[in-house]
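Student: Please take a close look at one part of this model, the nonpolar surface patch, and then relate the account to the buried interior.

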Amino acid sequence: MVTVPTARQVAGRRLRASRGVAGALLAIVLVAIVLAALRPATPADALDPASPDQDGARALTEILRQRGTPLTVARTTTDAAEHSTSDSVVVVTRPGRLTRADLLRLSAAPGDLVLVAPSARVLAALAPTVEEGGQSYGDSGPPDCPVPAAQQAGSVAFGSSLTYTVPPGATGCYRESGLARLVQVPVGSRTVTILGSAAPLTNAHLDEEGDAALALNLVGARSSAVWLVPDLPPPGADRGDRSLGDMVPFGWRLLPVGLAVAIVLIALWRMRRFGPVVAEALPVVVRSAETIEGRSRLYRAHHARGSAAAALRASARARLVPLLGLPRGAATDPAAAPEIVTAVARRTTHDEAAVGYALYGPEPADDAALVALPGLLDDLERQVRDS
(Lines give C-alpha, C1' and ligand atoms only; values in the text may rest on other atoms or scores of the structure.)
Protein backbone atom coordinates (compact mmCIF):
# COMPACT_ATOMS: atom_id res chain seq x y z
CA MET A 1 0.00 0.00 0.00
CA VAL A 2 1.38 3.38 -1.02
CA THR A 3 1.46 5.93 1.81
CA VAL A 4 0.57 9.42 0.65
CA PRO A 5 2.39 12.16 2.61
CA THR A 6 0.27 14.75 4.30
CA ALA A 7 0.51 18.48 3.66
CA ARG A 8 2.27 18.97 7.00
CA GLN A 9 4.90 16.39 6.11
CA VAL A 10 5.51 18.00 2.72
CA ALA A 11 5.84 21.46 4.31
CA GLY A 12 8.26 20.12 6.91
CA ARG A 13 10.38 18.46 4.25
CA ARG A 14 10.60 21.70 2.26
CA LEU A 15 11.46 23.66 5.39
CA ARG A 16 14.32 21.31 6.22
CA ALA A 17 15.60 21.55 2.64
CA SER A 18 15.63 25.37 2.75
CA ARG A 19 17.35 25.69 6.13
CA GLY A 20 20.80 25.72 4.52
CA VAL A 21 19.89 28.56 2.14
CA ALA A 22 18.29 30.59 4.92
CA GLY A 23 21.34 30.02 7.15
CA ALA A 24 23.70 31.17 4.40
CA LEU A 25 21.71 34.36 3.83
CA LEU A 26 21.61 35.07 7.55
CA ALA A 27 25.38 34.55 7.81
CA ILE A 28 25.98 36.99 4.92
CA VAL A 29 23.81 39.62 6.58
CA LEU A 30 25.54 39.20 9.96
CA VAL A 31 29.04 39.40 8.45
CA ALA A 32 28.12 42.53 6.48
CA ILE A 33 26.67 44.19 9.59
CA VAL A 34 29.73 43.35 11.70
CA LEU A 35 32.16 44.62 9.06
CA ALA A 36 30.21 47.82 8.53
CA ALA A 37 30.00 48.42 12.29
CA LEU A 38 33.67 47.72 13.05
CA ARG A 39 35.19 49.64 10.16
CA PRO A 40 34.35 53.35 9.93
CA ALA A 41 33.71 54.82 6.51
CA THR A 42 36.63 57.26 6.87
CA PRO A 43 39.55 57.06 9.36
CA ALA A 44 39.51 59.66 12.10
CA ASP A 45 42.83 61.19 10.98
CA ALA A 46 42.11 61.19 7.24
CA LEU A 47 43.81 64.12 5.47
CA ASP A 48 45.19 65.38 8.75
CA PRO A 49 48.42 67.31 7.99
CA ALA A 50 49.98 65.99 11.21
CA SER A 51 49.20 62.33 10.52
CA PRO A 52 51.91 60.04 9.06
CA ASP A 53 49.38 57.26 8.40
CA GLN A 54 48.43 56.21 4.90
CA ASP A 55 45.28 58.34 4.88
CA GLY A 56 47.03 61.34 6.41
CA ALA A 57 48.49 64.33 4.53
CA ARG A 58 51.71 64.99 6.40
CA ALA A 59 53.94 64.32 3.35
CA LEU A 60 52.14 66.87 1.18
CA THR A 61 52.14 69.60 3.80
CA GLU A 62 55.87 69.07 4.51
CA ILE A 63 56.71 69.37 0.80
CA LEU A 64 54.67 72.56 0.59
CA ARG A 65 56.58 74.08 3.51
CA GLN A 66 59.92 73.04 2.00
CA ARG A 67 58.95 74.79 -1.23
CA GLY A 68 58.29 77.99 0.72
CA THR A 69 54.49 77.98 0.67
CA PRO A 70 53.15 79.24 4.01
CA LEU A 71 50.62 76.71 5.28
CA THR A 72 48.17 77.29 8.11
CA VAL A 73 46.26 74.39 9.63
CA ALA A 74 42.76 75.33 10.79
CA ARG A 75 40.37 73.20 12.79
CA THR A 76 37.38 75.53 12.51
CA THR A 77 35.97 77.61 9.70
CA THR A 78 36.42 80.68 11.88
CA ASP A 79 40.21 80.16 11.95
CA ALA A 80 40.22 79.39 8.22
CA ALA A 81 38.35 82.61 7.39
CA GLU A 82 40.70 84.67 9.57
CA HIS A 83 43.84 83.35 7.85
CA SER A 84 42.51 83.38 4.28
CA THR A 85 43.30 86.30 1.99
CA SER A 86 42.52 87.20 -1.58
CA ASP A 87 45.80 85.50 -2.60
CA SER A 88 45.38 82.27 -0.63
CA VAL A 89 43.93 78.82 -1.23
CA VAL A 90 41.67 77.22 1.36
CA VAL A 91 41.73 73.42 1.14
CA VAL A 92 38.49 72.08 2.62
CA THR A 93 38.89 68.47 3.76
CA ARG A 94 36.19 66.37 5.45
CA PRO A 95 33.42 68.65 4.08
CA GLY A 96 30.79 66.34 5.54
CA ARG A 97 31.54 67.84 8.97
CA LEU A 98 30.64 71.36 7.92
CA THR A 99 27.45 72.83 9.32
CA ARG A 100 25.25 75.37 7.63
CA ALA A 101 26.96 78.17 9.54
CA ASP A 102 30.37 76.85 8.47
CA LEU A 103 29.32 76.89 4.83
CA LEU A 104 28.07 80.46 5.09
CA ARG A 105 31.36 81.47 6.72
CA LEU A 106 33.42 79.86 3.95
CA SER A 107 31.30 81.37 1.19
CA ALA A 108 32.03 84.84 2.59
CA ALA A 109 35.78 84.25 3.11
CA PRO A 110 38.23 85.59 0.48
CA GLY A 111 40.56 83.48 -1.63
CA ASP A 112 40.19 80.36 -3.75
CA LEU A 113 38.75 77.08 -2.52
CA VAL A 114 39.73 73.44 -3.06
CA LEU A 115 36.87 71.14 -2.04
CA VAL A 116 37.84 67.50 -1.48
CA ALA A 117 35.01 65.11 -2.43
CA PRO A 118 32.17 67.50 -1.53
CA SER A 119 28.58 66.33 -1.32
CA ALA A 120 25.58 67.94 -3.00
CA ARG A 121 24.88 69.93 0.17
CA VAL A 122 28.35 71.50 0.14
CA LEU A 123 28.20 72.17 -3.60
CA ALA A 124 24.88 73.97 -3.26
CA ALA A 125 26.50 76.43 -0.82
CA LEU A 126 29.97 76.92 -2.35
CA ALA A 127 29.61 75.95 -6.05
CA PRO A 128 25.88 76.05 -6.83
CA THR A 129 26.21 75.44 -10.58
CA VAL A 130 28.00 72.11 -10.13
CA GLU A 131 26.06 68.95 -9.36
CA GLU A 132 27.20 65.64 -7.94
CA GLY A 133 27.36 62.73 -10.39
CA GLY A 134 28.06 59.08 -9.72
CA GLN A 135 30.93 57.03 -8.37
CA SER A 136 33.92 56.22 -10.59
CA TYR A 137 36.36 53.36 -10.12
CA GLY A 138 38.20 53.42 -13.44
CA ASP A 139 41.75 54.53 -14.07
CA SER A 140 42.17 58.11 -15.20
CA GLY A 141 43.68 58.94 -18.55
CA PRO A 142 45.09 62.28 -19.64
CA PRO A 143 43.35 65.33 -18.18
CA ASP A 144 42.13 66.71 -21.53
CA CYS A 145 41.57 70.16 -20.08
CA PRO A 146 43.41 73.52 -19.94
CA VAL A 147 43.82 73.57 -16.14
CA PRO A 148 47.60 74.09 -15.60
CA ALA A 149 47.77 71.90 -12.50
CA ALA A 150 46.16 68.98 -14.35
CA GLN A 151 48.29 69.46 -17.48
CA GLN A 152 51.50 69.36 -15.45
CA ALA A 153 50.32 66.28 -13.52
CA GLY A 154 49.16 64.17 -16.45
CA SER A 155 47.55 60.88 -15.45
CA VAL A 156 46.48 60.71 -11.80
CA ALA A 157 45.59 57.72 -9.60
CA PHE A 158 42.23 58.78 -8.21
CA GLY A 159 41.07 55.34 -7.05
CA SER A 160 37.43 55.45 -6.00
CA SER A 161 36.30 58.95 -6.92
CA LEU A 162 33.17 61.03 -7.10
CA THR A 163 32.33 62.68 -10.42
CA TYR A 164 30.61 65.98 -11.08
CA THR A 165 28.83 67.79 -13.87
CA VAL A 166 30.63 70.53 -15.78
CA PRO A 167 28.32 73.56 -16.15
CA PRO A 168 28.85 76.28 -18.77
CA GLY A 169 31.83 78.44 -17.88
CA ALA A 170 33.51 75.69 -15.85
CA THR A 171 36.40 73.42 -16.79
CA GLY A 172 36.30 69.66 -16.30
CA CYS A 173 39.28 67.31 -16.21
CA TYR A 174 39.67 63.54 -16.13
CA ARG A 175 36.25 62.91 -17.59
CA GLU A 176 34.32 59.65 -17.65
CA SER A 177 30.94 59.35 -19.38
CA GLY A 178 30.62 63.12 -19.57
CA LEU A 179 31.32 63.64 -15.86
CA ALA A 180 34.60 64.98 -14.46
CA ARG A 181 36.70 64.00 -11.48
CA LEU A 182 38.16 67.51 -11.25
CA VAL A 183 36.15 70.65 -11.93
CA GLN A 184 37.22 74.30 -11.74
CA VAL A 185 34.44 76.86 -11.74
CA PRO A 186 34.54 80.62 -11.16
CA VAL A 187 32.26 81.74 -8.31
CA GLY A 188 32.28 85.50 -8.02
CA SER A 189 35.88 86.70 -7.73
CA ARG A 190 37.27 83.33 -6.62
CA THR A 191 38.01 80.01 -8.29
CA VAL A 192 36.53 76.88 -6.72
CA THR A 193 38.28 73.61 -7.50
CA ILE A 194 36.32 70.43 -6.87
CA LEU A 195 38.40 67.27 -6.45
CA GLY A 196 36.41 64.05 -6.50
CA SER A 197 38.91 61.95 -4.51
CA ALA A 198 41.19 62.51 -1.54
CA ALA A 199 43.72 59.93 -2.81
CA PRO A 200 46.07 62.41 -4.57
CA LEU A 201 46.54 64.28 -1.27
CA THR A 202 47.27 61.30 1.00
CA ASN A 203 50.59 59.83 2.08
CA ALA A 204 49.78 56.45 0.52
CA HIS A 205 49.18 57.72 -3.01
CA LEU A 206 51.33 60.83 -3.23
CA ASP A 207 54.08 58.98 -5.13
CA GLU A 208 51.71 57.37 -7.68
CA GLU A 209 51.59 58.70 -11.25
CA GLY A 210 50.97 62.47 -11.20
CA ASP A 211 49.31 62.68 -7.79
CA ALA A 212 52.05 64.75 -6.16
CA ALA A 213 52.19 67.22 -9.06
CA LEU A 214 48.43 67.69 -9.05
CA ALA A 215 48.26 68.18 -5.26
CA LEU A 216 51.19 70.58 -5.09
CA ASN A 217 49.97 72.68 -8.00
CA LEU A 218 46.42 72.90 -6.67
CA VAL A 219 47.28 73.67 -3.05
CA GLY A 220 50.32 75.79 -3.83
CA ALA A 221 48.71 77.82 -6.61
CA ARG A 222 48.70 81.00 -4.48
CA SER A 223 51.12 82.72 -2.14
CA SER A 224 49.71 80.94 0.92
CA ALA A 225 47.47 78.02 1.80
CA VAL A 226 45.00 77.27 4.58
CA TRP A 227 44.40 73.58 5.31
CA LEU A 228 40.99 73.15 6.94
CA VAL A 229 40.35 69.90 8.84
CA PRO A 230 37.07 70.71 10.63
CA ASP A 231 36.40 69.14 13.98
CA LEU A 232 33.21 67.20 14.52
CA PRO A 233 30.31 69.59 15.16
CA PRO A 234 28.53 69.35 18.52
CA PRO A 235 25.48 67.08 18.61
CA GLY A 236 22.39 68.76 17.18
CA ALA A 237 24.34 71.68 15.73
CA ASP A 238 22.91 71.19 12.27
CA ARG A 239 19.71 69.23 12.65
CA GLY A 240 17.80 68.60 9.44
CA ASP A 241 20.60 69.85 7.21
CA ARG A 242 21.71 66.42 6.05
CA SER A 243 19.53 63.79 4.44
CA LEU A 244 19.44 60.17 5.48
CA GLY A 245 21.41 59.23 2.35
CA ASP A 246 24.22 61.62 3.31
CA MET A 247 24.58 59.99 6.72
CA VAL A 248 24.63 56.37 5.45
CA PRO A 249 28.23 55.16 4.87
CA PHE A 250 29.11 54.01 1.38
CA GLY A 251 29.68 50.42 2.54
CA TRP A 252 26.13 50.21 3.86
CA ARG A 253 24.80 51.36 0.51
CA LEU A 254 26.46 48.36 -1.14
CA LEU A 255 24.80 45.92 1.28
CA PRO A 256 21.43 45.80 -0.57
CA VAL A 257 23.28 45.25 -3.85
CA GLY A 258 25.17 42.28 -2.41
CA LEU A 259 21.99 40.81 -0.96
CA ALA A 260 20.17 41.24 -4.27
CA VAL A 261 22.96 39.43 -6.15
CA ALA A 262 22.94 36.60 -3.60
CA ILE A 263 19.16 36.22 -3.84
CA VAL A 264 19.28 36.13 -7.65
CA LEU A 265 22.01 33.48 -7.62
CA ILE A 266 20.10 31.33 -5.14
CA ALA A 267 16.91 31.73 -7.18
CA LEU A 268 18.73 30.61 -10.34
CA TRP A 269 20.14 27.65 -8.42
CA ARG A 270 16.80 26.55 -6.96
CA MET A 271 14.53 27.47 -9.87
CA ARG A 272 12.54 24.85 -11.75
CA ARG A 273 14.23 23.69 -14.93
CA PHE A 274 12.32 22.66 -18.03
CA GLY A 275 12.63 18.97 -18.81
CA PRO A 276 10.60 15.92 -19.81
CA VAL A 277 7.16 15.51 -18.31
CA VAL A 278 7.22 13.16 -15.34
CA ALA A 279 4.11 11.14 -14.55
CA GLU A 280 3.15 11.20 -10.90
CA ALA A 281 0.52 9.20 -9.07
CA LEU A 282 -2.44 11.28 -8.00
CA PRO A 283 -2.71 11.51 -4.21
CA VAL A 284 -6.51 11.23 -4.43
CA VAL A 285 -8.71 9.81 -7.18
CA VAL A 286 -11.88 11.87 -7.66
CA ARG A 287 -14.73 10.40 -9.66
CA SER A 288 -15.99 12.44 -12.61
CA ALA A 289 -19.51 12.53 -11.21
CA GLU A 290 -18.24 14.17 -8.03
CA THR A 291 -16.30 16.73 -10.06
CA ILE A 292 -19.37 17.62 -12.10
CA GLU A 293 -21.53 17.87 -9.01
CA GLY A 294 -19.01 20.08 -7.22
CA ARG A 295 -18.69 22.40 -10.20
CA SER A 296 -22.46 22.62 -10.53
CA ARG A 297 -22.80 23.59 -6.90
CA LEU A 298 -20.25 26.37 -7.40
CA TYR A 299 -22.26 27.72 -10.35
CA ARG A 300 -25.46 27.57 -8.29
CA ALA A 301 -23.89 29.25 -5.25
CA HIS A 302 -22.82 32.20 -7.39
CA HIS A 303 -26.03 32.29 -9.48
CA ALA A 304 -23.86 31.89 -12.57
CA ARG A 305 -26.56 30.69 -14.98
CA GLY A 306 -24.78 32.30 -17.91
CA SER A 307 -21.47 30.56 -17.20
CA ALA A 308 -23.16 27.20 -16.66
CA ALA A 309 -25.19 27.54 -19.88
CA ALA A 310 -22.07 28.58 -21.82
CA ALA A 311 -20.22 25.48 -20.63
CA LEU A 312 -23.13 23.19 -21.63
CA ARG A 313 -23.49 24.83 -25.06
CA ALA A 314 -19.75 24.70 -25.80
CA SER A 315 -19.66 20.97 -25.03
CA ALA A 316 -22.73 20.31 -27.19
CA ARG A 317 -21.29 22.27 -30.14
CA ALA A 318 -18.00 20.36 -29.85
CA ARG A 319 -19.90 17.05 -30.13
CA LEU A 320 -22.26 18.20 -32.92
CA VAL A 321 -19.70 19.71 -35.31
CA PRO A 322 -18.02 16.38 -36.24
CA LEU A 323 -21.47 14.81 -36.80
CA LEU A 324 -22.32 17.60 -39.23
CA GLY A 325 -19.09 17.13 -41.21
CA LEU A 326 -17.74 20.56 -40.27
CA PRO A 327 -14.17 21.32 -39.08
CA ARG A 328 -13.68 21.14 -35.31
CA GLY A 329 -12.63 24.80 -35.18
CA ALA A 330 -16.14 25.80 -36.25
CA ALA A 331 -17.43 24.98 -32.75
CA THR A 332 -15.63 28.04 -31.32
CA ASP A 333 -15.88 30.26 -34.41
CA PRO A 334 -18.68 32.86 -34.11
CA ALA A 335 -18.76 33.25 -37.90
CA ALA A 336 -19.75 29.60 -38.30
CA ALA A 337 -22.80 29.94 -36.00
CA PRO A 338 -25.41 30.46 -38.80
CA GLU A 339 -24.09 27.48 -40.74
CA ILE A 340 -24.20 25.23 -37.65
CA VAL A 341 -27.71 26.35 -36.68
CA THR A 342 -29.03 25.74 -40.23
CA ALA A 343 -27.42 22.31 -40.49
CA VAL A 344 -28.79 21.18 -37.12
CA ALA A 345 -32.30 22.49 -37.91
CA ARG A 346 -32.36 20.53 -41.19
CA ARG A 347 -31.55 17.28 -39.41
CA THR A 348 -33.90 17.72 -36.44
CA THR A 349 -37.52 18.55 -35.78
CA HIS A 350 -36.67 21.93 -34.22
CA ASP A 351 -36.70 25.21 -36.11
CA GLU A 352 -33.68 27.51 -36.38
CA ALA A 353 -34.88 29.80 -33.58
CA ALA A 354 -35.01 26.93 -31.07
CA VAL A 355 -31.67 25.56 -32.28
CA GLY A 356 -30.06 29.02 -32.07
CA TYR A 357 -31.29 29.47 -28.50
CA ALA A 358 -30.10 26.02 -27.50
CA LEU A 359 -26.59 26.38 -28.97
CA TYR A 360 -25.81 30.12 -28.61
CA GLY A 361 -28.07 31.77 -26.08
CA PRO A 362 -29.22 34.02 -24.58
CA GLU A 363 -28.68 33.32 -20.87
CA PRO A 364 -31.49 31.28 -19.28
CA ALA A 365 -34.01 33.50 -17.55
CA ASP A 366 -34.23 31.37 -14.40
CA ASP A 367 -33.10 28.09 -12.87
CA ALA A 368 -35.94 26.19 -14.50
CA ALA A 369 -34.84 27.29 -17.96
CA LEU A 370 -31.26 26.28 -17.12
CA VAL A 371 -32.41 22.84 -15.99
CA ALA A 372 -34.38 22.42 -19.25
CA LEU A 373 -31.43 23.39 -21.44
CA PRO A 374 -29.45 20.10 -21.10
CA GLY A 375 -32.53 18.13 -22.17
CA LEU A 376 -32.91 20.25 -25.30
CA LEU A 377 -29.22 19.89 -26.15
CA ASP A 378 -29.35 16.12 -25.66
CA ASP A 379 -32.41 15.92 -27.94
CA LEU A 380 -30.61 17.89 -30.67
CA GLU A 381 -27.53 15.69 -30.43
CA ARG A 382 -29.63 12.49 -30.49
CA GLN A 383 -31.61 13.52 -33.58
CA VAL A 384 -28.46 14.62 -35.47
CA ARG A 385 -26.72 11.38 -34.58
CA ASP A 386 -29.71 9.27 -35.70
CA SER A 387 -30.34 11.21 -38.91
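Tutor: A nonpolar surface patch of about 630 Å² is formed by Leu254, Val257, Val261, Val264, Leu265, Leu268 and Met271. Patches consist of residues with over 30% relative accessible area and no salt bridge (a side-chain nitrogen of Lys or Arg within 4 Å of a carboxyl oxygen of Asp or Glu), nonpolar side chains being joined within 5 Å. Areas follow the Shrake-Rupley method with a 1.4 Å probe. The model is predicted: local features need pLDDT of at least 70, side-chain atom pairs count only at pLDDT 80 or more, and totals for chains, interfaces and linings use all residues. Residues are numbered from 1 along each chain as its sequence is written, and side-chain values use heavy atoms, without hydrogens and water.

Within the patch, Val264 belongs to helix α9 (residues 250-270); helices are DSSP runs of H or I with at least four residues, strands runs of E with at least two. Val264 has 47% relative accessibility and therefore counts as partly exposed, the class between buried (under 20%) and exposed (over 50%).

In the interior, the largest nonpolar core (buried nonpolar residues joined through side-chain atoms within 4.5 Å) has 30 residues, and Leu60, Tyr174, Leu201, Leu214 and Trp227 have the most contacts inside it. Helix α7 gives the most to this core, with five residues.

One aromatic pair is counted (ring centres within 6.5 Å). The rings of Phe158 and Tyr174 have centres 5.1 Å apart and planes at 65°, so the pair is edge-to-face (over 60 degrees; under 30 is stacked, the rest tilted). Both Phe158 and Tyr174 are buried.

Conventions
Patch = residues over 30% accessible without salt bridge, like charges linked within 9 Å, V, L, I, M, F, W, Y side chains within 5 Å. Buried < 20%, exposed > 50% of the residue type's maximum accessible area, 1.4 Å probe, protein only. Phe/Tyr/Trp six-rings, centres within 6.5 Å; stacked < 30°, edge-to-face > 60°.
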